[in-house]
There are 2 protein chains.
Amino acid sequence: MAGEVRSSPCRIAVDAMGGDHAPDEIIKGALLAIEKFPHVAISLVGREAVLREKLGDGALARITIVDAPEVIEMTDDALAPLRRKRQSSIRVCANLVHEGKVDAMVSAGHTGATWISAKTVIGMIEGVSRPALAQVMPRYDGVTLLLDVGANVHAKPNQLREFAVMGHFYSQEILGVESPRIGLMSIGEEEGKGNELTKETFRILKDTGLNFIGNAEGRDIFNGRADVVVCDGFVGNIVLKASESLGEMVWTSLASELSRNPIRKAVGAMAYPMLKGLKKRMDWREYGGAPLLGVKGGCIVCHGRSNAKAIMNAIRVADEFASNHIDQKIRERIGDLHTREHASPLLAVE
Amino acid sequence: MAGEVRSSPCRIAVDAMGGDHAPDEIIKGALLAIEKFPHVAISLVGREAVLREKLGDGALARITIVDAPEVIEMTDDALAPLRRKRQSSIRVCANLVHEGKVDAMVSAGHTGATWISAKTVIGMIEGVSRPALAQVMPRYDGVTLLLDVGANVHAKPNQLREFAVMGHFYSQEILGVESPRIGLMSIGEEEGKGNELTKETFRILKDTGLNFIGNAEGRDIFNGRADVVVCDGFVGNIVLKASESLGEMVWTSLASELSRNPIRKAVGAMAYPMLKGLKKRMDWREYGGAPLLGVKGGCIVCHGRSNAKAIMNAIRVADEFASNHIDQKIRERIGDLHTREHASPLLAVE
């Protein structure tokens, strides 16, 4: 069963059919991952005949194939894996996690379908109402965890509080932040600033025992004031996509400026290697995938545009997630929170 | 009266007491502006004795001082200019616009107080319910106008539609886009994606006669897919501040990478001049200020952190706004829209 202490190797199901560049880049990413993380055992999930042909005998010895004859298309309804397409690769991945046959799944396919499969097939940690997609954002001196970045268009105050608790643990266990500073995404730092959702959430976040620093503004994602920033998935998704796009725009512009004539090209050739680290830090492909926190087991959601490198990194994230038993730690902490609330009812908190 | 066709010179009231670096940087900015834009007549509004002393006789010959003995502090309520502080610099600036003594005002002070003063003292264009703060965002091949970026925490569908109409005109008249592509900020491009606000707004934006391209994702602010992106001020403010901060983070990191040792410094010294244009394009200070669209007359809101350069550029924006009679053009277009609706009631639109 997902949620138990697992023995090595870490077992990961990879949806071979999801994403703009499936299955080729997914397969390549899986192959890169088994080279780089030899303790990880990968099951590629998708149309068996296709995968078998593309993998070839050498790779087949090191990767397990699990057949899933159906594919969720981007035009499909998010509910497809529960209804018409129960043999789809996303659903089969979720089944494998639920049955304890793997520790985590990775998919670059339909996010809504993955979310639904995670929530209903893998199942939620007791006390968590909805999974939240948590994205690592780069900053000068480290990273900030932003959640939710798109799994939940709406969120209620108690759900944002769950996001905060889950983000706290992920930041602590995976990102190595001892006492993560939790910010509530809003406009204006003062308690009274924001909308109804943030005002009510501010009030209840004060009693979580977390290192709650109050409202965070958009700038606090990148300036190092917070380690975890919570928001609903509507705001989070817009900020995430705007940031990715701005980052890409800056690098495109930079490359263009440093190639407009031979002299600039020469300077560019010297400067590029020095900026490689920064470029890497800004590149979403390096972060691989965003975990869906709150699920019993690991579920890593990748960018639809993921290439082999992104998939490899998502497998790394899945491995870290499973090896550190993040889901169990969240379960324990959410349990604590509910015990606390029982003693001091939510609406009486001050 | 504001809203009439004005004769040169363009007259601008500048709030000398607003912002983190007031009054020194504001004064410097005003002085830079009269050098650079000789057709602009500036009234500096603030504590007369202070301003008189700081300006000196030379500058006094070229700048008018208007006394405003009170200052709105950041801790003040947004309603202060209407109640306790009717002699404040923000309120006096708004009075000047309302009375037609100047064509536009510029303030880096309390945004809420400026918004309230614009809405109630200067007054709204008939048919516009609330002013929207419109920010120019850089992209590779031009700029995108994002509104609202913080004036309205909440917005209703018909208000977002007003923002779209106003943004259309600003983009056309000031940014030189012939047929601005209007996007509705949401998550997912399809009509059904987003929250209740975006779904309803999508429906009514289709009948505005604008070049409505449907939902815009966060990335579409920077990738050139849209010329105007509309959203409520909660989302817009978060995206704006996140983008500014990410931009600053990139440049800080770049400078750090290109100065870590003598060789890198040497490459940096060659590369910097080549990247100056890009840095400038990414720098919010270059955009000066964001106009509050929908007000009868010009009202430019600046960043609280504005320095002299930002103030100078905000005065340029105010000048462009007033010289192009943006408020009148919005008034006419909003009038058209209402006539249209009268013929075809809003809720029957398809």
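Q: Before we look at His325(B), what counts as buried, exposed or partly exposed?
A: A residue is buried if 20 or more other C-beta atoms lie within 10 Å of its own, exposed if 12 or fewer, and partly exposed in between; bear in mind that this is a predicted model.

Q: OK, so where does that put His325(B), buried, exposed or in between?
A: His325(B) has 18 other C-beta atoms within 10 Å, which means that it counts as partly exposed.

Q: And which elements flank His325(B)?
A: His325(B) sits in the loop between helix 10 (308-323) and helix 11 (326-343) of chain B, and its phi is near 50°, a positive value in a residue other than glycine.

Q: Switching topic, where's the cis peptide bond in chain B?
A: The cis peptide bond joins Leu147(B) and Asp148(B), with omega about 5°, and Asp148(B) lies in the loop between strand 6 (142-147) and helix 5 of chain B.

Q: Speaking of helix 5 of chain B, at what angle does it cross helix 6 of chain B?
A: The axes of helix 5 (residues 157-173) and helix 6 (residues 196-205) of chain B cross at roughly 55° and come within 9 Å, which makes helix 5 oblique to helix 6.

Q: Left-handed or right-handed?
A: The crossing of these two helices of chain B is right-handed.

Q: Which residues meet there?
A: From helix 5 of chain B the contact includes Pro157(B), Leu160(B) and Arg161(B), and from helix 6 of chain B it includes Leu197(B), Glu200(B) and Ile204(B); by class, the contact between the two helices has six nonpolar, two polar and two charged residues.

Notes: Residues numbered from 1 in each chain as written. Chains lettered and ligands numbered in written order. Predicted model: local features only at pLDDT ≥ 70, side-chain atom pairs only at ≥ 80, totals over all residues. Axes fitted to C-alpha atoms, helices over the stretch in contact; angles between N-to-C directions. Helix = DSSP H or I, 4+ residues; strand = E, 2+ residues; numbered from the N terminus. Parallel < 35°, antiparallel > 145°, perpendicular 65-115°, else oblique. Left-handed = near helix turned anticlockwise from the far one by under 90°. Contact = placed C-beta atoms within 7 Å. Nonpolar A, V, L, I, M, F, W, Y, C, P; charged D, E, K, R; others polar.
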